[in-house]
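Here's a quick tour of one model, starting from a single residue and working outwards. Have the structure open as you read.

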Amino acid sequence: MKILIIGGSGVIGTKIRNILQKDKVELFSTYMKHKLDSKNDFFLDIREKDKVEKLFLKIQPEIIIHTSAITNIDLCEDDKKLADSVNIKGTENIIKLSEKLNSKLIFISTSFVFDGKQSSYNETDLTNPTTYYGKTKEVCEKKIIDSKLDHLILRTDQPYCWIEPWQHTNSVLRIINTLKVKKNHKEIIDWYNSPTYVPDFVQITQKLIDKNKSGIYHVVGSEYISRFEWAEKICENFDLDQNLLIPIKSDELRLSAKRVNVNLSNKKIFNELGIKMMGINDGMKAMIKEKMF
Ligand SMILES: NC(=O)c1ccc[n+]([C@@H]2O[C@H](COP(=O)([O-])OP(=O)(O)OC[C@H]3O[C@@H](n4cnc5c(N)ncnc54)[C@H](OP(=O)(O)O)[C@@H]3O)[C@@H](O)[C@H]2O)c1
């Protein structure tokens with residue numbers, strides 16, 4: 001089976017790439033600014049429809065895993081043209097070419113498609129994004145659903161894992177890197193998330209592919225927790241000084257995009273696959289174990 005990862009140089013793309021490489025699949029990846037250098041890696045800017053077409057026709061993938069996006073939420077709020085061109089137009093190009101080849105499309109989406117007014121969300125709840133980033137993702141979800149392509153839409157939240165030197169950081173690594181040099185770290189008390197250990201996300205993606213599942217899934221960790229409580233657990237797991245954590249409220253940060261608290265339920269994953277996604281301590285223990293080998 002031929003699988004093409006669009007955005008193989010990103011955080012989630014890299015982990016999908018590393019884990020699927022061990023499977024019996026023929027794997028291809030794309031990158032943009034951060035060059036990957038195996039013979040199956042290709043430069044691609046998803047905004048260039050003719051280049052997307054050329055690459056898709058050359059590879060003829062049965063499955064396309066689309067992870068590329070402008071993922072910086074405040075940048076999307078401040079530069080809507082950029083967000084439109086990559087997140088929406090780029091995805092439209094991928095949808096059109098997936099239709100041409102009749103490939104299955106796997107799209108990585110986000111908790112930010114919801115408005116946070118409900119105490120928890122399942123896959124059938126109505127979307128209502130409050131940020132521009134969330135709007136771009138909602139538009140893509142709808143276009144994929146309307147396309148009649150065989151698809152998976154995987155919504156996730158606060159992915160964390162070890163990263164490559166060029167990749168954006170995450171809450172776990174930010175706290176480790178600040179506290180290990182004995183600096184204070186300001187952590188937010190009024191943001192809540194379901195932190196997701198990326199290899200666990202990839203394991204579920206693999207299972208959904210193997211079982212030929214379609215539709216929307218919430219692929220998130222099994223605990224919904226404030227950033228501050230999460231930071232305390234990071235300190236416990238990585239043996240860091242909790243006294244260096246300073247609690248702050250999010251409005252002190254004066255960010256462009258107003259975040260909402262969205263609790264994604266992962267019950268559908270448990271009911272259909274019989275797998276309970278990792279909680280925070282299990283995810284961080286797995287991270288520590290990864291470094292030991
Ligand atoms: N990070 C989160 O908190 C989060 C939460 C929920 C959902 N998601 C979603 O999960 C997916 C992956 O997130 P991530 O954090 O792994 O992303 P990431 O690390 O920021 O990686 C983004 C990827 O997109 C590529 N890319 C950017 N612009 C492109 C363009 N114009 N054409 C082609 N490729 C382009 C990048 O390539 P280069 O680096 O080579 O330029 C990189 O491979 C995204 O769709 C994101 O919306 C992320």
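Let's start with Ile-94: it has 27 C-beta neighbours inside 10 Å, and since 20 or more is enough, that residue counts as buried. Bear in mind that this is a predicted model. Ile-94 sits in helix H4. Leaving out residues up to four places away in sequence, Ile-94 touches Ile-6, Ile-46, Val-52, Ile-64, His-66 and Leu-105. Phe-56 is 38 residues from Ile-94 in sequence, yet the two C-alpha atoms are 9.0 Å apart in space.

**The core**

Which residues touch the most other members of the largest nonpolar core? They are Ile-6, Ile-94 and Val-198, out of 68 residues in that core. Ile-6 has its own list of contacts beyond four places in sequence, including Thr-30, Leu-44, Ile-46, Ile-64, Ile-65, His-66 and Ile-94.

**Two helices**

Here are H5 and H10 with their spans.

| Helix | Residues | Length | End-to-end C-alpha distance | Expected span |
|---|---|---|---|---|
| H5 | 132-147 | 16 residues | 23 Å | 22 Å |
| H10 | 280-292 | 13 residues | 19 Å | 18 Å |

For H5, the distance between the end C-alpha atoms agrees with what 1.5 Å a residue should give. The buried residues of H5 are Tyr-132, Tyr-133, Gly-134, Lys-135, Thr-136, Lys-137, Cys-140, Glu-141 and Ile-144. They pack against helix H3 (73-78), H4, E5 and strand E6 (151-156), so H4, the helix that holds Ile-94, turns up again here. Just after H5 comes Lys-148, with a positive phi near 70 degrees.

H10 is a tidy case to look at. Its buried residues are Ile-280, Gly-283, Met-284 and Met-287. Those four cover an arc of only 95 degrees around the axis, so they lie on the same side of H10. Asn-281, Lys-289 and Met-292 are exposed on the other side. What do the buried residues of H10 pack against? Their partners are helices H6 (171-179), H7 (198-210) and H8 (227-238), along with strands E10 (196-197) and E12 (225-226).

**Around the ligand**

The ligand is surrounded by 28 residues, and the closest are Gly-7, Gly-10, Ile-12, Met-32 and Lys-33. Helix H1 (11-20), helix H4 (80-101) and strand E5 (104-110) each give two or more residues to this shell. H1 gives the most, with three residues. By type, the shell divides into 10 nonpolar, 14 polar and four charged residues.

Conventions: Residues are numbered from 1 along each chain as its sequence is written. This is a predicted model: local features need pLDDT of at least 70, side-chain atom pairs count only at pLDDT 80 or more; totals for chains, interfaces and linings use all residues. A nonpolar core is a set of buried Ala, Val, Leu, Ile, Met, Phe, Trp, Tyr and Cys residues joined through C-beta atoms within 7 Å. A residue is buried if 20 or more other C-beta atoms lie within 10 Å of its own, exposed if 12 or fewer, and partly exposed in between; C-beta atoms are placed from the backbone. Two residues are in contact if their C-beta atoms, placed from the backbone, lie within 7 Å. The expected span of a helix is 1.5 Å times one less than its number of residues. The arc is that of the directions from the helix axis to the C-beta atoms. A residue is near a molecule or strand if its C-beta atom, placed from the backbone, lies within 6 Å of it. Ala, Val, Leu, Ile, Met, Phe, Trp, Tyr, Cys and Pro count as nonpolar, Asp, Glu, Lys and Arg as charged, and the others, Gly among them, as polar.
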